[in-house]
Every structure is written in structure tokens, then in C-alpha cells.
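User: Could you take a close look at a single part of this model for me? I'd like to know how it sits among its surroundings.

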Amino acid sequence: MIKENLPIYIKRFILGLIIVIAALLQNTPGVMPQMFSANAMLLIPVCVSIAMFENEIVSLVFGLVAGLLWDFTAPEGYFFHSIVLCIAAFFVSMLVRRRVRNTLFGSMVLTFATVFLHNTVYWILFVLIPQSQGAGGVYFRFYFPSCIYTVLVGIVIYLIIRPVEKTFRV
């Protein structure tokens with residue numbers, strides 16, 4: 001281990017630990033409070049917040065790890081979460097490097113866009129196509145409120161990850 005790379009290793013270890021803690025909180029029933037029968041999807045704002053500070057490849061790897069942790073507990077999905085979080089982390093990192101400012105508001109917009117796309121595509125593939133009867137009600141009772149709740153929780157997550165990234169900046 002090279003001494004000048006030590007802050008990078010420490011930062012990535014802490015970020016990995018944040019992903020594991022978020023996965024445990026998200027996937028353990030009854031730990032996180034529900035809002036109007038909707039759950040917060042903690043791994044999405046964690047991946048978005050990390051991707052806002054890291055380069056594209058590192059973001060992609062963190063998105064893959066977070067997605068795999070989510071997929072291990074998912075009843076169905078066939079690596080859906082891994083694919084979506086990987087792609088989302090890559091594009092969020094690319095957008096922040098080229099177009100979007102790295103601010104709390106930017107984090108909220110990118111988190112909403114990511115969770116909205118994730119929930120809508122998941123709803124289409126695993127709720128609407130298999131059983132279209134009552135699918136609209138499911139979307140507006142669970143998936144859309146989950147978008148709002150996740151963005152609100154994402155504010156706190158961004159405010160946790162930003163100091164970690166700034167402390168170990170190289």
C-alpha cells in the first residue's frame with residue numbers, strides 16, 4: 001500500500017460501509033418508517049451521492065455493489081437493480097463532471113430522476129405486464145410516493161456523504 005493512496009482507500013472503505021449499512025436498513029423489514037405505505041429506497045440516493053463525487057468507473061463499481069446487495073434480497077428482478085444502479089451511477093457521474101453542478105439541489109434532481117426511472121421501469125416490467133388489473137393504483141399508492149420519500153431521505157444521505165468525500169479529497 002502506497003502511503004499517498006491511503007486517503008483514497010480509507011474513503012472507499014467508508015463509502016462501501018455506507019452502502020452496506022444502507023442495504024441493511026433498506027432490506028430489513030420494519031427498520032425504516034414507511035410514508036403512506038411507501039418505503040425509502042436508500043441505495044438509490046447513496047449511489048447518486050457517491051457518483052456525484054467519484055469518477056465514472058468508480059461510480060459504476062459502487063452502483064454494481066449496491067445493486068447486487070439489493071438483488072440478493074429481492075424476490076424477483078433478475079439483476080434489475082444491479083443493472084439500473086450501475087448505469088445510473090455511471091451517467092450521474094458523467095453528468096456532474098460535464099453539465100450539472102454538485103449541489104444539494106442537483107442531488108435532489110438526480111435522485112428523483114433516478115428513482116423515478118427505476119420505479120417506473122420496475123413497475124412496467126414486474127407489475128403492469130404480468131397483471132395489468134389494478135396496476136395503476138399500485139403505482140400511485142406505492143411506487144410514486146416512494147419516489148418522493150426517497151428524495152427526502154436522499155437529502156440526509158447527501159449531507160452524510162459530502163463531508164466524507166471532502167475530508168478524504170486528494
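**A close look at helix 2 and its surroundings**

Analyst: Happy to help! Let's start with a serine and work from there. Ser59 lies in helix 3, in what is a predicted model. With a relative accessibility of 1%, Ser59 counts as buried, because the cut-off for that label is under 20%. Setting aside neighbours within four places in sequence, Ser59 is in contact with Ile50, Ala51, Glu54, Ala89 and Ser93.

Two of those partners, Ile50 and Ala51, bring us to helix 2, where they are among the buried residues. Helix 2 spans residues 43–51 and is mostly covered, with nine of its nine residues buried. Besides Ile50 and Ala51, the buried residues of helix 2 include Leu43, Ile44, Pro45, Val46, Cys47, Val48 and Ser49.

What does the covering? For the buried residues of helix 2, the cover includes helix 1 (6–27), helix 3 (56–73), helix 4 (80–98), helix 5 (104–128) and helix 6 (135–167).

Cys47 deserves a word of its own, as you may wonder about disulfides. Its relative accessible area is 5%, so Cys47 is buried. The closest cysteine sulfur to that of Cys47 belongs to Cys86, and it is 8.9 Å away, too far for a bond. A disulfide would need the two sulfur atoms within 2.5 Å. Cys86 is buried too, with a relative accessible area of 13%, and its own closest cysteine sulfur is the one in Cys47. A search of the whole structure likewise finds zero disulfides.

Methods:
Residues numbered from 1 in each chain as written. Predicted model: local features only at pLDDT ≥ 70, side-chain atom pairs only at ≥ 80, totals over all residues. Heavy atoms only, no water. Buried < 20%, exposed > 50% of the residue type's maximum accessible area, 1.4 Å probe, protein only. Helix = DSSP H or I, 4+ residues; strand = E, 2+ residues; numbered from the N terminus. Contact = heavy atoms within 4.5 Å.
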